[in-house]
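Me: Please take a close look at a single part of this model, the place where its domains meet, and describe how that region is built and what lies around it.

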Amino acid sequence: MLIGRRAGILAIAVSLSVASACGSHGAASSAPGCAEGPPVIGRQLRIATTVAPITSIVATIVGSSGASVVGVVPEGRNSHTFDPSPSVAATLETADIVFLNGLGLEEPTRELALANLSDGGELCELGTTVLPPEAYLFDFSFPEAAGRPNPHLWTNPPMARRYARLVLDVLVVRDPARADRYRANFEAFAAQIDALDGAIRSATATVPAEQRLLLTYHDAYAYFAVEYGWTVLGAVQPSSFDEPTPRDVAALIEQVESTGVRAIFGSEVFASPILRQIAAETGVDYVDDLRDDDLLGSPGDPEHSWLAMMRFNYLTIIDASGGDATPLRSLDVTSAVSDLADYPQ
Ligand SMILES: [Zn+2]
């Protein structure tokens, strides 16, 4: 999709850059993609991001290097339907790099960025770049017919690690003077992600295989489930983000009863009485505080990070599924760097 005044100019550049890091799908067809902008010399990088987990990942690589990191999507808002106000254009037009998840998650923000990118500005879609189309997952909430895969890659730690690595690759090209700091920040972060990954695997092993079942309200754990051997029984939230129909609810109740799932999981952002109703009718536990893009605590708090949010989600899921979450509980999720990003609330 070509949008905005730059589209004509960019058509020529795009044909020269299809072999770049950003691949040949998504943003690469309409804007300079990941690590395609010129080095910024003599001043600090200006970076814009979208949802809080991506802001946190970027801020962890940036650390206290001096680059500014400004999130666009307020925490606690529905990121799937968020439409930025025109004032966000000012942030986007001064950004050297705009990091998005992509895969259709933030289309209005992406369009605003494409219409306002400055010369030398680039739009890097992390998810679109790291996930080949053959690995796309489609399901009830993200049906293939609608053309957009499930975009929640960052809830799967190995995929979030690839996001962090791509952020590093971009920063090293755009701000070579601080490349060593970015590399050191990435190495420290990657070690923490690997430790989280190991803890999830150890804790998952304590859950009987037939109990590794996820019935969630918001469909944010599809890639996690594939990675760690869980089965997503279903997600309650339809692709419209409306409440499910009575027929959907009846089908879910039947599924809960036939599978013996021990708990069902609500989303802290999408409060819904439907899951509570299903839990009451079937007698299973209802856990209502999983979160996929609203970080714990407030900006500046030590637990306000992607890493702490992931630990919280997975120890919550393991506990409720009858496993032993000790490997996750004992994990140190303190960041090695200060998070100086701007998180809108
Ligand atoms: Zn989501």
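**Where the domains meet**

Reply: In this predicted model, 29 residues of domain 1 are in contact with 23 residues of domain 2. On the side of domain 1 that touches domain 2, helix H2 and helix H6 (157–174) each supply at least two residues, and the residues of that side divide into 15 nonpolar, twelve polar and two charged. The domain assignment places domain 1 at 7–192 and domain 2 at 206–329, and their centres, taken over C-alpha atoms, are separated by 27 Å.

Helix H2 (residues 52–62) also has a place in the strand arrangement, since the chain passes from S1 through H2 to S2 in a β-α-β crossover that is right-handed. The two strands it links, S1 (residues 46–49) and S2 (residues 68–71), pair in the parallel sense over four bridges, with Thr49 standing opposite Gly71 in S2. S1 pairs in the parallel sense with strand S3 (residues 97–100) as well, over three bridges, and here Ile47 stands opposite Ile97 in S3.

Ile47 leads on to the largest nonpolar core, which has 93 residues and in which Ile47, Val58, Ile61, Phe99 and Val167 are those with the most contacts. Helix H11 (residues 306–320) contributes the largest share of this core, ten residues, and the core draws at least three residues from each of domain 1 and domain 2. As for Val167, when its neighbours within four places in sequence are left aside, this residue is in contact with Ile57, Val58, Ile61 and Phe99.

Terms used:
Residues numbered from 1 in each chain as written. Predicted model: local features only at pLDDT ≥ 70, side-chain atom pairs only at ≥ 80, totals over all residues. Core = buried A, V, L, I, M, F, W, Y, C linked by C-beta atoms within 7 Å. Buried ≥ 20, exposed ≤ 12 C-beta atoms within 10 Å, placed from the backbone. Domains from an automatic or database assignment. Contact = placed C-beta atoms within 7 Å. Pairing = 2+ DSSP bridges. Right-handed = clockwise from strand over helix to strand, strands pointing away. Nonpolar A, V, L, I, M, F, W, Y, C, P; charged D, E, K, R; others polar.
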